[in-house]
Every structure is written in structure tokens, then in C-alpha cells.
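Me: Could you take a close look at one part of this protein for me? I would like to understand one sheet and what packs on it.

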Amino acid sequence: MKLVVQVTLLPTPRQASALEATLHACNEAATWVSRVAFDRDVKKNIPLRKLTYGMVRTRWQLGAQAAQHVIKKTCDAYTALKANLQAGNFLKPGSKRYRKGAGKPVVFRLEGAQPFDDRMLSWRMPERQLSIWTVTGRMKGVAFTASPEQLTMLALYRRGESDLVPQDGRWFLNATCEVPEAEPNPDPVDFLGVDLGIVNIATTSDGEIMAGRELDRIRVRERNLRTKLQKKNTPSAKRRLKRRRRKESRRVKDINHKIAKHLVAEAERTGRGIALEDLTGIRERVRLRKPQRATHSSWSFAQLGAYMAYKARRAGVPVVYVDPAYTSSTCAQCGRIDKANRVSRARFACRSCGFVDHADRNGSRNIRARACELWRRGAPSTAPAPPLEPSGWTGRKRRITSGDARCASLGPGAPGG
């Protein structure tokens, strides 16, 4: 599977200036190439290279490899734009947002990421230094740092390109590593059902609850601070808003990584698989009151699910996605479906058999039971990992069949990042 290791660069002021000039030149060239591709409707790599390669090299003084990466980056941007348009992420054709997205060329930020391959970038792992191409020439002796685990992964598994990324005055390299997967478990003894939620981030069928109260308090505090800063609308307020947003994002990623690592380790230790709900399109399906919309929009269920999928695949743990319909109103003891069973947000009481349990724990037990049934029926296990970019909503299936499951652990590929 492919994973991305982020390495922190420690350039001197002179080296940082050269890196900045390189990014500016590459992204200016990419914006010009994008305009040519849009005006002439040429968005394939080879035809576009014939039109723009010579000008990119002479006008911006880019090397051969850098010029080709600029052109390829432009083609990839138009490919992604086309996929988003087809998936409905820009609303329907003819809408204002759709016309705005499709009616003008793609523009690249001056400090946008730029890929570097092994001809433009060489690593000296023992000295923790690298040599990188810039518009001012080959620059050697650029120091970098990373954790011991990251350095080991880089030394053993680094393959392909690395992206140069600036952020808040710091420089990073996102290096791609091809990490071997563990032998998949073809015959799990059971499944660990995981119910994902907002108040409780994850609840397992074993009864373990990962509460999200602390995260919610932090989000409310950050939301109030954002409101105050947005009212000021000064340059310093905008800079602070950007820093706070990134800090909150890093905090959520850290929590999701820890939860995913814990759940996968528990499933691996007990020889079980992991059962999750397929929550694709839930934001479009659910109608909420205004006070609830911000909380629901900040729910990072897709990120947590993607982290669990790739960690499970690396550990050889099967992951099955089931239809989420009625999991919260179905009794895990007798199977009776009734909206009245859900007494409150946290309490479940079956009207038929009298079974009482925590509502999220009851839902996770239903998820586990559905996963076991799908696995018994021979659910396919060749689906790819959850996509990095959200795809268009295809609707929710109401009946539970073997086609409703996606087993993300045995298929090829893995999410990057």
C-alpha cells in the first residue's frame, strides 16, 4: 500500500529563498499551461507537452524534469476537475457554481505543492540531508528531520515522487512510501462492530465508548473565536484564522489516528474483522436545524473510516461496510424495528422484548450482526479503499444484501496521506 511520510525541511534563509523562487516559477508556468490547455481544449499530457514544453523551459528557466512535471500537474488538475463535475460536486450542469468551475481555466497558487522525482531530489539518510533542484541550480546540504519511525519507513520503502509544500513559513516534503501489507485473515472468528457518531466518536460492540465531549468543547471554542476574528476582518486576523483552522485540523487527525489504531489493534489481537456503516451521502440525506448544522458538518466520519481501512489492510484485518438503515432503531436482542425503541439519544429500550442498552452500543451490535451475515454469504472482498476525495451520492440501499458490503482490507491500493 502507498503511504505518505511528511518530512520537515530545515533550510537556511538562502536555501528557503531558492525553494520559494522555485515554487513560484513552477506554479506561474502551470497557470500559463492551464490557460493554453483551456483555450485550445488540449488537456492530455503528450499533446499539451508539444504545445507548451519549449516555452515553459525558456520563459521560466525550468529544467527538463520540472517542465514535464508542471505540464503533468496541469493535466491532473483538469482530470480532477472533470471527475468532480461528473460526480455532482459542483451541483447540476447549468447552475452558477457549475459554470464557474467549468467556465474558466484552473489557476495555481504561487505556493502550491510541486512534485519532485528522483532525478530532481536525492536523499542522504545517514546525514539527514538532501539535494534538490531549484531554479538557481542544484542545492545540496538541505537538512531535514523526522521521527525515528518515519526515517525507518523512508529508508526501507520510499518510492516515486515527493511533493514540496510550504506552510506557515515552514517547509515540508511529502514522500511516497510503498509499505508491504500483512497477509489478510481469510477466516475471522467474529467482527468488531463500530458505530460512528458525533457525541460518541466510536462505540464498539464490546461496549467500549470513545466519547467526543472534549473535542466538541474545543470545536465550540474555536468556532466562537473564528466568529470574533471574522468580524475584525484585518490581515492579522485572517492569518490567525488560517493558523487556528490548521491547528484544529491537526487535532482531529491525531484523535482519529489514535482511535483507528486502537480499534485495529484490538481486532487483530482477537482475530476478528471490523464492521463499519457505509455512511456515503449522509450529509445530503439528513435535514437538520440551524444550530446542529455546524456540528454535523464538522463530523469527520469519513476520515476515521479511511484511517481504519488502511491500518486494517496493513495489519491483515478484514473490514466490511454494511447498510446503516435502521441500525439505531433495531433491537439487537430480538430484531424488532421500531422508532419508539430509541427512547433518547443515549438510551435504547425495546418495546417488544424489554431489552435495554446504550443506544450506540445497541447500534454497534446490529452492525456486527450484519457484517457476520454478509461475510457468511460470501461478500466480495475486492473493493478498493475509501476514496480520498468524496464521490457523488448514489443513494442508500434499503435492503441488506451481499452487495451492500465493501470489504476494504483485501483489495489492492491504499489511501495516500
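Reply: Happy to: here is a walk through the sheet, the helices lying across it and one residue in a helix. Please keep in mind that the model is predicted.

Let's start with the strands. The sheet is open and has five of them, ordered β10-β9-β8-β11-β12, with mixed pairing. At its edges are β10 (209-211) and β12 (319-322), each of which pairs on one side only. Between neighbouring strands the turn is 20° on average, direction ignored.

At the β10 edge, three bridges join this strand to β9 (residues 200-204), and the two pair in the antiparallel sense. If you would like a spot to centre your view on, try alanine 202, which has methionine 210 of β10 opposite.

Now for the helices. Helix α10 (residues 301-315) lies across β8 (191-196), β9, β11 (273-277) and β12, and its direction makes an angle of about 160° with β8. Helix α11 (residues 359-376) lies across β8, β9, β10, β11 and β12, running at about 135° to β8.

Finally, zoom in on aspartate 360, which belongs to helix α11. Among residues beyond four places away in sequence, aspartate 360 touches Asp195, Asn200, Thr203, Arg342 and Arg345. Is this aspartate buried or exposed? Aspartate 360 counts as buried because its relative accessibility is 9%, and the cut-off for buried is under 20%.

Note on methods. Residues numbered from 1 in each chain as written. Predicted model: local features only at pLDDT ≥ 70, side-chain atom pairs only at ≥ 80, totals over all residues. Heavy atoms only, no water. Pairing = 2+ DSSP bridges. Helix = DSSP H or I, 4+ residues; strand = E, 2+ residues; numbered from the N terminus. Axes fitted to C-alpha atoms, helices over the stretch in contact; angles between N-to-C directions. Contact = heavy atoms within 4.5 Å. Buried < 20%, exposed > 50% of the residue type's maximum accessible area, 1.4 Å probe, protein only.
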